[in-house]
Amino acid sequence: MSPAFDTLLVANRGEIACRVMRTARRMGLRTVAVYSDADVDARHVREADEAVRIGPAAAQSSYLDIHAVIAAAQRTGAGAVHPGYGFLSENGDFVAALAEAGITFVGPPASAIAAMGDKSAAKARMFDAGVPLVPGYHDADQDDALLEREAEHIGYPVLLKASAGGGGKGMRVVEFAEAFQAALDGCRRESRAAFGDDRMLIEKYLTQPRHVEVQVFCDTQGQGVYLFERDCSVQRRHQKVLEEAPAPGMTESLRREMGEAAVRAAREIGYVGAGTVEFLLDADGSFYFMEMNTRLQVEHPVTEMITGQDLVEWQLRVAMGEPLPLAQEDLSISGHSFEARLYAEDPAQDFLPATGTLQRFALDLDGAGLAATQVRLDSGVASGDRVSMHYDPMLAKLIVHGDDRQQALATLNRALAALDIQGVTTNRDFLQRLATHPAFAAAELDTRFIEHHHGDLFAPRHYSAEDYATAALVSLHQLGREQQSHSPWDRHDGFRLNSDNTIRIALSDPTRQDDDDALVTVEGRQSAPGEAWQLRVGDTTLAGSLHPIEGDAVAVTLDGHRRRLQARLVDGGEIVMVDPKRETRLFWRRLDAIDHGRQEAESTLTAPMHGTVVTLLVAPGERVEKGMALMVMEAMKMEHTLTAPADGQVESFHFQAGDTVGQGDVLLEFAAVEDSGE
Ligand code: ADP
């Protein structure tokens, strides 16, 4: 059987499916996607040459259905299957079933997957191969009393791990002997539920280790190389969030030592293809084997960025039976790279996954002044896509490259700010908090980074007078634009740029609803069009102006300090402002225009915010008293009643129930009746 193939099926979805197909297309292969009912219109389906439905939304009956995937490959004549990561990527039965069907699996042989699938067995093999292990116990005897004696022998704190484990399940730190039995019972229960197996291993718990992993590659000719290391220490609940390559502070000799140990580990199990050997790196420079992932990792792009190699191309070439494209001495590191994982989730709510429709999902490189060579967005979604609750909430990965760590980090922060995401809650602000944290900038990394800096990373935002003034400028700019687009009613609108005018903007922080300080009013006054605004926020007055640059990029100047940021207005009255340090989200509402003469104030009524007209309460011509309800509007899921500003008569309405109105639109004409003095 020849391993050459011209059609590749990708047994995955999301960003990894898109990423694998991109390389396959470049190599001249036909691409086949598979999809569940939840993914009929997903991006990976749209980008594939062919796509086959493999079942309903539940992964168990679609992406994890071995027979459905193989049937799809047979139906489309795919000679090879790339599993991506997750799903069937480390499933030995899948590899065996493909072999039986005569289809090439882009990955290692089933025997290598099996060798690393069990943590205890893997540790025993690695010990034989001379790969350093964390001090611990990984034998077959699972007697409770024996395990407790072993824990005592290793010395507390210890880490209990499920032998069959993965994804942080069945894993618990035990601080002292008295807590051991309860922790053991808990881990066993968890492991039985998740993996149908309750065997445990025990490790010395390292208190400040870094997670440093080595990318290895082997071909079918018996050659093996390492493509250096990645530092993935920033984790939440044992899940990686920010990764980088190379690992900060790495010496040439340690790099070689770890690299060679990793290749030894791969050789020991007859490995083929891309693999990752994960190590814990202790503060004293000792490193210990943790596990081997027998597939392509989520964070592989940082390795591609520093080596200039396409790892998926390497995988496909190896799967075609070709030798490794480069030998060890031909590989070198250039610059520094970071990857940030963008999730649809709410960090403030314990990273609860979020769903919804992505109204916009784009990266505005030009607006941020970034070059395409510095930034790569591996994304499984596009504007208009729905984010469902069926699969992993990772939307995309933002990958950057710089000459050194500092430059790459600055680029990461700019690029995070240039992501235009609307409609779904994401962890972008959390990523910005991480990437701008002084300890991260100083590369003070360990696997409990998020825990250690919890206070800084989750503190509620406190906005300054400058922040409120900036948001007010964005709203004032918008009001000016709306006025221009509603020129027929210009003369009725209270908002006029051509005479002295004061406008009040109410700004509220949606995350601090119960807090009295959360509602701030900014008073803006402009003496003539084009002049700077005098903005009063509490006791502070600032001279401010805003100039659009390009796309959403604007320049805001406050008292002579000019800053560039991305500013967007979201339907429902939200302002999102992002700069390379953080994201600011405020709801805005125009309070009544004041200071434009009694006559005019009483002749029109304008919409205080964008919304819909619910009902009209009086008929044109009707006499009303000051304060009487005239109409009801709905905005931001709340009803607002508009009342008569004086005694008088409604002359006409400009809208009907059900109509949508913009902020500042004239709603009705009103004639005040002079007090007759009776
Ligand atoms: P899983 O397979 O469930 O992901 P791993 O064995 O890969 O579990 O460990 C996941 C993470 O747990 C590591 O990246 C590291 O942060 C932490 N960890 C694992 N073993 C130890 C240890 N012995 N001491 C301290 N932390 C550890």
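A polar contact is a pair of N or O atoms within 3.5 Å. Keep that cut-off in mind for the ligand views below, and remember that the whole model is predicted.

**Figure 1. Three polar contacts hold our attention around the ligand.** Start at Glu 291, where an N or O atom of the side chain sits 2.8 Å from an oxygen atom of the ligand. Next comes Lys 119, with a polar side-chain atom 2.5 Å from a ligand oxygen. Lys 204 takes part through its backbone instead: one of its backbone N or O atoms is 2.9 Å from a nitrogen atom of the ligand. On its own the ligand has 550 Å² of accessible area, and the protein covers 95% of that.

**Figure 2. A shell of 21 residues surrounds the ligand.** Lys 119, Lys 161, Gly 168, His 211 and Glu 291 are the closest of them. Sorted by character, the shell holds eight nonpolar, seven polar and six charged residues. Four strands each give two or more residues to this shell: S7 (158–162), S9 (200–204), S13 (273–281) and S14 (287–293). Where does the ligand lie relative to domain 2 and domain 3? Because domain 2 (108–134 + 209–334) and domain 3 (135–204) both contribute residues to the shell, the ligand lies between them.

**Figure 3. Here is Val 95 with its neighbours.** Val 95 belongs to helix H4, which runs over residues 92–100. Is this residue buried or exposed? Its relative accessible area is 9%, and buried means under 20%, so Val 95 counts as buried. Leaving aside residues up to four places away in sequence, Val 95 touches Phe 105, Pro 108, Pro 109, Ala 110 and Ile 113. You can also find Ser 111 in this view: it is 16 residues from Val 95 along the chain, and the two C-alpha atoms are 9.6 Å apart.

**Figure 4. Two cis peptide bonds can be found in loops.** One joins Tyr 156 and Pro 157, with omega at about -5°. Pro 157 sits in the loop between helix H7 (144–154) and S7, and S7 is one of the strands that give residues to the ligand shell. Another cis bond links Ala 245 to Pro 246, where omega is also about -5°. Look for Pro 246 in the loop that connects strand S12 (239–245) with helix H9 (252–268).

**Figure 5. His 238 and Asp 559 have positive phi values.** For His 238, a residue other than glycine, phi is near 60°. This histidine is in the loop between strand S11 (224–236) and S12. With a relative accessible area of 46%, His 238 is partly exposed. Asp 559, again not a glycine, has phi near 45°. The loop holding Asp 559 joins strand S28 (553–558) to strand S29 (561–570).

**Figure 6. Stepping back, the chain is divided into domains.** They are domain 1 (7–106), domain 2 (108–134 + 209–334), domain 3 (135–204), domain 4 (338–446), domain 5 (465–590) and domain 6 (597–672). How far apart are the centres of domain 1 and domain 3? Taken over C-alpha atoms, those centres are separated by 36 Å. The C-alpha trace of the chain spans about 105 × 55 × 45 Å along its principal axes. Along the chain there are 18 helices and 39 strands, and 55% of its 678 residues count as buried.

Definitions and conventions:
Residues numbered from 1 in each chain as written. Predicted model: local features only at pLDDT ≥ 70, side-chain atom pairs only at ≥ 80, totals over all residues. Heavy atoms only, no water. Near = heavy atom within 4 Å. Polar contact = N/O pair within 3.5 Å; in protein donor to acceptor, adjacent residues only side chain to side chain. Areas by Shrake-Rupley, 256 points an atom, 1.4 Å probe, with all protein chains shown as cover. Nonpolar A, V, L, I, M, F, W, Y, C, P; charged D, E, K, R; others polar. Domains from an automatic or database assignment. Buried < 20%, exposed > 50% of the residue type's maximum accessible area, 1.4 Å probe, protein only. Contact = heavy atoms within 4.5 Å.
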